[in-house]
Every structure is written in structure tokens, then in C-alpha cells.
Amino acid sequence: MNIYQDLISQSELILSLTMAQLKARYRKTYAGLVWVLVNPILTFWVQAIIFKIILKVDIAGYYVFLLTGIVPWIFITSSLVMTSGLFVNHRNALLALKFDPKVLLSSQILDNFINYVLSFFILSILIQNKNLLSFPVLGAFLLNSLLLLAFIYSLTFFVAIINVFFRDTQYILQFALGLLYFVTPIFYPRELLDSYLNYVVDFNIFYIFIELFQTSMWNEDYHRYGIVIMKAILAILTMTGITTLLWSKARHRIYLKL
């Protein structure tokens, strides 16, 4: 059974669950949506102050460069962290209601995706770069975001399934993401790395999707952008195939392990 099967037929339920989560989060809060957006905005400005102002990193259009790296990275890591233990944490709903795990996961990812899009547009306005809001760049952002969303859905599904059988997965994941943050060219260009560290970047699947944003929205290298798109599609197809195989083998055993 493909992991995308039934998503269209269950789209109404997914949207309803997503809206319920959004309303529950903002109910009885004074700032509402602002609290969700504080993390990416503060992270962006802290990195900008450290590397642009204090360390004086000499990169043309550094704020755009940082934006194209930090916002997708936050979406990637926050999605993985919040969904790695999703099936275990919602075991009662899954067992009692025979809730489709794909619906639960999809609503969580969609919720986080909305926050990611809002963060990007707010930061684009704050750094006052009009090019970021031009039609070609917005078109690239839309394509990049959809590719990233497809990859994150299959990857988080894979991790959530694995965590049912190996409960330490979510803790190992958080440690690994902390290390990857420093060897992923997010707040510095890849050219600053020593040659041997470039091999680490080449095998960093997350960087494929970071590079989508950097090549199309920062340095506008469209020849390289086409190559990266093909790499991203290959990564999505590979991850989807692996997760689909795992789901077909483990979906009946998940309820026994919860």
C-alpha cells in the first residue's frame, strides 16, 4: 500500500484535524500565532547578528542566503522532532478508534507547513528584499516547498514507524540533527568548508533541499537549480519507496507494538 494512498479521500478529515490543532494551540493565548513564529524569527536574527555583524562574514546578500537556509532547516527539524514519537504518543486514539496513522501524521505536517510558509513571508518583509516577493522567486519558493513537503512527509512517516519498534529513535534523532546543523551550509556557504568536509555535505540528504532554495532564490544559478531539482525528485522517490515498503510490512504490527 503506497503511503500516499487514501490521502485525497481523507483530505477533509486531514484539514479538519489541522484546523482543530491550530485553534487548540491559539486558544487562551494573548499573542496567538506570534508565539509559533518567534522561534524561526529569533533564530534568524541571532544568526544574522553573530555572522553578519559580529564575525563580519562577507557574503553578498547574506540575509537572503540565511533566510533560504534557516527557514527550510527549521521546518525539516521541527517536523522530525514533533512527529518522531507521534504514533506512540497517540496510541490511545490509534488503538481505540483505529485511526489511520497517515491522517494523524499529515495533519501534523500540514500544521507545521503553514507555520513555515508564514515565517518565510514575515522574514522576507522584515529584511526588506523586494526580489524575494517577485513572481519568479515566489514560483521557485512554491516548487521548492512542495518538493520539501513531499520529502518530509515520507521521511517523518518512516521515522514515526521506526520509533514504534525502537523507542530510542526520537532521542538519537535529536542528537543527530544537532550535529548536522553545524555541518550543513545554512549560515555559511559551502565554499568555506575544507575539502574533506564537502564529502559530508554530499551525503547530507537535507542539504539537497536547502540547496534548492539557495540556488533559486539567493545566487539564482538556474543551471545548478535544474540539477538539484532532479536530485530532490530522486531523493523523494527513494524515500517514498523505502517508507512504502516499511509501511506494507509493518502496518499490522504497529498496533501490537503501541
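## Helices and the model

Helices here are DSSP runs of H or I that cover at least four residues, and they are numbered from the N terminus. Please keep in mind as you read that this is a predicted model.

## The largest pocket

Let's start with the open space. The largest pocket holds about 330 Å³. Its lining is made up of 13 residues, and those closest to the pocket centre are Leu7, Ser106, Leu110, Leu149 and Tyr153.

Which helices build this lining? At least two residues each come from α1 (11–26), α6 and α7, and α7 gives the largest share, with 4 residues. By class, the lining of the largest pocket counts 11 nonpolar residues and 2 polar ones, with no charged residues.

## The nonpolar core

In soluble globular proteins, nonpolar side chains tend to be buried together. In this model, the largest nonpolar core has 79 residues, and the members that touch the most others are Phe87, Phe209 and Leu212. Many helices take part: α2 (33–54), α3 (62–84), α4 (86–89), α6 (101–126), α7 (135–165), α8, α10 and α11 each supply at least two residues of this core. With 14 residues, α7 provides the largest share of the core; α7 likewise gives the largest share of the lining of the largest pocket.

Phe87 is a good place to zoom in. Setting aside neighbours within four places in sequence, Phe87 is in contact with Leu94, Pro101, Leu105, Phe157, Ala160, Ile161, Val164 and Leu258.

## Around Ala250

Ala250 is found in helix α11. Is Ala250 buried or exposed? Its relative accessibility is 3%, and because buried means under 20% relative accessible area, Ala250 counts as buried.

Beyond residues up to four places away in sequence, Ala250 touches Ile161 and Phe165. Ile161 also appears among the contacts of Phe87. Ala250 and Ile162 are 88 residues apart in sequence, yet their C-alpha atoms are 9.3 Å apart in space.

## Salt bridges

How many salt bridges does a search of the whole structure find? The search finds 3. In one of them, Asp100 pairs with Lys102, and the closest N and O atoms are 3.4 Å apart. Both Asp100 and Lys102 are buried.

Another salt bridge joins Asp202 to Arg190, with 2.3 Å between the closest N and O atoms. This pair links distant parts of the chain, 12 residues apart: Asp202 sits in helix α9 (residues 195–202), and Arg190 sits in the loop between α8 (169–183) and α9. Asp202 is partly exposed, at 47% relative accessible area, whereas Arg190 is buried, at 19%. Arg224 and Glu211 also meet through their side chains in a salt bridge, at 2.9 Å from N to O. Arg224 belongs to helix α11 (residues 222–257) and Glu211 to helix α10 (residues 205–217), so this bridge ties together parts that are 13 residues apart in sequence. Here Arg224 counts as partly exposed, with 25% relative accessibility, while Glu211 counts as buried, with 8%.

## The enclosed cavity

Searching the whole structure for cavities of 30 Å³ or more turns up 1. The largest cavity contains about 50 Å³ of space. Which residues line the largest cavity? They are Arg190, Val201, Asp202, Asn204, Tyr207, Ile208, Glu211, Arg224 and Lys231. You may recognise some of these from the salt bridges: Asp202 and Arg190 form one pair, and Arg224 and Glu211 form another.

Helices α9, α10 and α11 each bring at least two residues to the lining of the largest cavity, and α10 gives the most, with 3 residues. This lining divides into 5 charged, 3 nonpolar and 1 polar residues, whereas the lining of the largest pocket has no charged residues.

## A backbone detail at Glu220

Most residues other than glycine have a negative phi. Glu220 is not a glycine, and yet Glu220 has a positive phi of about 50°. Where does Glu220 lie? It lies in the loop between α10 and α11. With a relative accessible area of 35%, Glu220 is partly exposed. The helices on either side of that loop also carry a salt bridge, with Glu211 in α10 and Arg224 in α11.

How values were computed:
Residues numbered from 1 in each chain as written. Predicted model: local features only at pLDDT ≥ 70, side-chain atom pairs only at ≥ 80, totals over all residues. Heavy atoms only, no water. Salt bridge = Lys/Arg side-chain N within 4 Å of Asp/Glu carboxyl O. Buried < 20%, exposed > 50% of the residue type's maximum accessible area, 1.4 Å probe, protein only. Core = buried A, V, L, I, M, F, W, Y, C linked by side-chain atoms within 4.5 Å. Contact = heavy atoms within 4.5 Å. 1 Å grid on protein atoms, 1.4 Å probe; cavity = no way out; pocket = protein on both sides within 12 Å on 5 of 7 lines; lining within 4 Å. Points joined across faces, edges and corners; volume = space filled by probe spheres on them. Nonpolar A, V, L, I, M, F, W, Y, C, P; charged D, E, K, R; others polar.
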